[in-house]
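What follows is an introduction for a reader who has not met this structure before. Please look at the sequence and the model, and then read on.

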There are 2 protein chains.
Amino acid sequence: MTDLKTLFTLSYGLYIVSSVNQEGKINGLIANSVAQITAEPVRIAVTLNKESLTHEYIQQTGLICVQPITEKASLIFIGNFGFRTGRTFDKFAKINHKLSKNGLAIVTENTSAYLILRVNNSIDLQTHTMFICSLEEAEMLDAVCPPMTYDFYHKELKGKTPKGAVTYQKN
Amino acid sequence: MTDLKTLFTLSYGLYIVSSVNQEGKINGLIANSVAQITAEPVRIAVTLNKESLTHEYIQQTGLICVQPITEKASLIFIGNFGFRTGRTFDKFAKINHKLSKNGLAIVTENTSAYLILRVNNSIDLQTHTMFICSLEEAEMLDAVCPPMTYDFYHKELKGKTPKGAVTYQKN
């Protein structure tokens, strides 16, 4: 017996994952697939769907900005980064942000922190790529409001899981 | 600036990860480093310290049982699986469990579900190995009590992070 509902008992956070391309264009998306995987040195894995524009940008520059979303973020704020492609829409146009020295967008509202990562290795997972990264720079932005869990997003905000997510299920 | 406190804003669950060796001996440990990484097919990554006995057993048989711990689990229950090696101690002696058909221990108290995994690929991360696994069998055990997050373990139970964990920090 393989009950796929068991997969919903695994816990995750909710993150803005963004990158910058060779021309300096920025784009980001919402993902739950961010995790520290070693302590010394600090290594962080970020797993993204190959079809996303952010994936394309990461492949160009090897740069990623990860930001945990806080519990005070609205579904509208989250929706701005998810469920649409950055190919036809500037996701950062109406979002408060600044640029890091290497041109990554750092969202300064509804985020706990920013972590600037550099890709060291890419693992091909067919539909997705896991980027294994070192931590280049990191700073707290809101230490008071708790980071949003994926469970909170589903249960409190009634958020959905888009096709393309690592945890997507048809029903 | 690299503020390592930002790493605590990443969210995880808390899991019993166990395996069985070639002689049928079982052992398990506590880990937060379990995550689904692709949807079709379902692939789950489990990252463990190379020095753990469970890591040794997994390398022998390629079999893993992952079980999310529920919020009703006590620090004593969790401590039974963590902070000690199974080399000198039978971690399952006083824990309610049954055996799967391939000899894995399925803990039947304080767990949300069990997921039986088979290792397809191993990624060497120096101190740790990431096992990339397919899902062979899975069943819900407790759909009522929420799965424990790593944050809950730290804040509510005042649980600690052992040396060897992917998220360990010295201070």
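Helices and strands are here DSSP runs, of at least four residues for a helix and at least two for a strand, and they are numbered from the N terminus. With these terms in hand, the reader should also keep in mind that the model is a predicted one.

**The fold of chain A**

Chain A contains three helices and nine strands, and when it is followed along the sequence these elements come in the order β-β-β-β-α-β-α-β-β-β-β-α. Its radius of gyration is 15 Å, close to the 16 Å that the globule rule gives for 171 residues, so chain A is as compact as a globular protein of that length. Measured out along its principal axes, the C-alpha trace of chain A spans about 50 × 35 × 35 Å. Of the 171 residues of chain A, 47% count as buried. When contacts in chain A between residues at least 6 apart in sequence are considered, 67% of them join residues at least 24 apart.

**How the two chains are related**

What turn lays chain B on chain A? A turn of 180°, with a shift of 0.0 Å along the axis, brings chain B onto chain A with an RMSD of 0.0 Å. That is the relation of a two-fold axis. The same surface serves both copies, since 100% of the contact residues of chain B recur in chain A. Among the residues of chain B, B:Tyr12 comes closest to the rotation axis, with its C-alpha at 2.6 Å.

**The contact between the chains**

The contact takes 42 residues from chain B and 42 residues from chain A. On the side of chain B that touches chain A, at least two residues each are supplied by strand E3 (34-38), strand E4 (43-49), strand E8 (113-125) and strand E9 (128-140) of chain B. E9(B) gives the most to this side, with seven residues. By class, the side of chain B that touches chain A has 21 nonpolar, 15 polar and six charged residues.

**Backbone features**

In each chain a cis peptide bond can be found ahead of a proline, and the table sets out the two bonds.

| Residues joined | Peptide bond | Omega |
|---|---|---|
| A:Glu40 and A:Pro41 | cis | about 0° |
| B:Glu40 and B:Pro41 | cis | near 0° |

As for their places in the fold, A:Pro41 is found in the loop between strand E3 (34-38) and strand E4 (43-49) of chain A, and B:Pro41 lies in the loop between E3 and E4 of chain B.

Two residues of chain B call for a look at their phi angles. B:Asn110 has a positive phi of about 60° although it is not a glycine, and this residue is found in the loop between strand E7 (105-107) and E8 of chain B. Is B:Asn110 buried or exposed? Because it has 22 C-beta neighbours inside 10 Å, B:Asn110 counts as buried, the cut-off for that class being 20 or more.

B:Lys158, a residue other than glycine, also has a positive phi, near 60°, and its place is in the segment after helix H3 (150-155) of chain B. Here the neighbour count is 8 C-beta atoms inside 10 Å, so B:Lys158 counts as exposed, a class that takes residues with 12 or fewer.

Methods. Residues numbered from 1 in each chain as written. Chains lettered and ligands numbered in written order. Predicted model: local features only at pLDDT ≥ 70, side-chain atom pairs only at ≥ 80, totals over all residues. Least-squares fit on C-alpha atoms with pLDDT ≥ 70 in both. Contact = placed C-beta atoms within 7 Å. Nonpolar A, V, L, I, M, F, W, Y, C, P; charged D, E, K, R; others polar. Rg over C-alpha atoms; globule rule 2.2 N^0.38 Å.
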